[in-house]
Amino acid sequence: MGFKCGIVGLPNVGKSTLFNALTESNKAEAANYPFATIESNIGRVAVPDERLNKISSIGKSEKIIPTYIDFVDIAGLVKGASTGEGLGNKFLGHIREVDAIAHVVRCFEDDNITHVSSSINPMADIDTINTELKLADLETLQNKSNSVEKKAKHGDKEINNQIELILLLQEKLNNDESINITDLNNDDLFFYNSLNLISSKPILYICNVDEKSILNGNHFSELVKNRAIKENNDMVIVSAAIESQIAEFKNIEDKLELLKDLGLTETTLKKVINAGYSILDLITFFTCGPKETRAWTITKNTTAPKAAGKIHTDFERGFIRAETIAYKDFIELGGESASRETGKLKQEGKEYIVKDGDVMNFLFNV
């Protein structure tokens, strides 16, 4: 599995159109009225990676298994969602289950498409969503505080530390400040992660622009870009209008030809996934054999045993060593045999940090 990405935004900003484009489906109803999406739609798509085909071709594998990403199309949130306004806060629960949030922001003017407010104002739209997410987190923290405080009378040091952390998090949220998790010790970090706060998830802003702004954006998307930089988040530009056109084509070559005509070099799916991998610090390593060539997603700075554990827990438990070949060497030399003969196949131990593109074989004993 790659990661799980929740698509959020105000009603009528293009969320469902984007979801359909990313998943190449028509699961999500795209309509010109609020709350067209009632239940969250989930679509699983393969992460496009041209390296897979090249490795598989050299390895003469019977099949290719990519890594996958789940997109969750969450109903449009409105002001007051955290207290049940609109379709209520049940949808905030869906957001807690994802790894990253793709926040679709309307960055175009069109009198034929309604907006929940009287004017197009990306900053106000972002503030509305962020406020509801923050209020939902504050409610989570208060509920957790009430639960933990009942145990505090026993004088448990761990409980007291949890209460202190909750108070700190509440203060940070109320002051629109972020918490630096590197300041937390292991126990506090474990408790913090168990809270699954929405505000702790990285955000990818997706600016939905008109067709003429798809290459360079516009003044609306520039505002979002500056905000993303300030927040240490990421931003991409897409056009739901163009995605609707592309969806008309069944053949991938026709879709790519249309993108080329528009001056675009990559699909929206690839653009969003690349940005998602970036904000989540994810990389890919590969395994290759006669039966299959497969992609595996891990976080940066993952050690070889932990990477082996992604394949099977026995691989991590009985890890002996890893045989690694850099992707560039694997391709240029034509596979494992030549890489081994030229010394490009490396024998690595438990401390080895896996690099993006590594072609790996694990030796283990259980």
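**Entry 1, the largest cavity.** I began with the enclosed spaces and noted that the largest cavity holds about 60 Å³ of space, in what I should record at once is a predicted model. The count of cavities of 30 Å³ or more comes to two. I then looked up what surrounds the largest cavity, and its lining includes Ile-214, Val-238, Ser-239, Ile-242, Glu-243 and Ile-246, together with Leu-259, Leu-264, Glu-266, Thr-267, Thr-268 and Lys-271. Two elements, α8 and α10, give two or more residues to this lining, and the largest share, three residues, comes from α8. Sorted by class, the lining of the largest cavity has six nonpolar, three polar and three charged residues.

**Entry 2, the whole protein.** Before going on to the pockets I took down the overall figures, which are 14 helices and twelve strands. Of the 366 residues of the protein, 48% count as buried. I also noted that, among contacts with a separation of 6 or more, 70% are accounted for by residues 24 or more positions apart.

**Entry 3, the largest pocket.** For the largest pocket I wrote down a volume of about 1,800 Å³. Its lining is made up of 44 residues, and those closest to the pocket's centre are Ser-199, Ser-200, Lys-201, Pro-202 and Asn-233. The elements that contribute two or more residues to this lining include the helices α4 (122–152), α5 (157–174), α6 (186–195), α7 (219–231) and α10 (268–279), and the strands β6 (203–208) and β9 (292–299) are listed with them. I asked myself which element gives the most to the lining of the largest pocket; the answer is α4, with four residues. By class, this lining divides into 19 nonpolar, 13 polar and twelve charged residues.

**Entry 4, the second largest pocket.** I found about 910 Å³ of space in the second largest pocket, which is lined by 35 residues, with Ala-21, Leu-22, Glu-24, Ile-252 and Lys-255 lying nearest its centre. At least two lining residues come from each of α1 (15–23), β2 (41–46), α2 (50–59), α8 (240–246), α9 (252–261) and α10, and the most come from α1, which gives five. The classes here are 16 nonpolar, ten polar and nine charged.

**Entry 5, helix α5.** I picked out α5 for a closer look and noted that its 18 residues reach 26 Å from the first C-alpha to the last, close to the 26 Å expected at 1.5 Å a residue. Its buried residues are Ile-159, Gln-162, Ile-163, Leu-165, Ile-166, Leu-169, Gln-170 and Leu-173. When I looked down the axis of α5, these buried residues fell within an arc of 165°, so they line one face of the helix. On the other side of α5, Lys-157 and Glu-164 are exposed, whereas the cover over the buried residues includes α4 and α6. Just after α5, I noted that Asp-176 takes a positive phi of about 55°.

**Entry 6, other positive phi values.** Most residues other than glycine have a negative phi, and with that in mind I listed two further residues. Lys-60, which is not a glycine, has a positive phi of about 50° and sits in the loop between α2 and β3 (63–65). Is Lys-60 buried or exposed? Its relative accessible area is 68%, which is over the 50% cut-off, so Lys-60 counts as exposed. Asn-232, also not a glycine, has a positive phi of about 65°, and I found Asn-232 in the loop between α7 and β7 (234–238). With a relative accessible area of 69%, Asn-232 is exposed.

**Entry 7, Arg-227.** I next looked up Arg-227, which is found in helix α7. Because its relative accessible area of 18% is under the 20% cut-off, Arg-227 counts as buried. Leaving aside residues up to four places away in sequence, Arg-227 touches Met-123, Ile-126, Asp-127, Asn-130 and Tyr-205.

**Entry 8, Gly-343.** My last entry is on Gly-343, which I placed in the loop between α14 (336–341) and β11 (346–348). Gly-343 has a relative accessibility of 33%, between the 20% and 50% cut-offs, and therefore counts as partly exposed. I also noted Ile-325, 18 residues from Gly-343 along the chain, with 9.5 Å separating the C-alpha atoms of the two.

Note on methods
Residues are numbered from 1 along each chain as its sequence is written. This is a predicted model: local features need pLDDT of at least 70, side-chain atom pairs count only at pLDDT 80 or more; totals for chains, interfaces and linings use all residues. Side-chain values use heavy atoms; hydrogens and water are left out. On a 1 Å grid over the protein atoms alone, a cavity is a set of points where a 1.4 Å probe fits but cannot get out, and a pocket is an open set with protein on both sides within 12 Å along at least five of seven lines; lining residues have an atom within 4 Å of a point. Grid points are joined across faces, edges and corners, and a volume is the space filled by probe spheres set on the points. Ala, Val, Leu, Ile, Met, Phe, Trp, Tyr, Cys and Pro count as nonpolar, Asp, Glu, Lys and Arg as charged, and the others, Gly among them, as polar. The expected span of a helix is 1.5 Å times one less than its number of residues. Buried means under 20% relative accessible area, exposed over 50%, partly exposed in between (1.4 Å probe, protein chains only). The arc is that of the directions from the helix axis to the C-beta atoms. Contact means heavy atoms within 4.5 Å.
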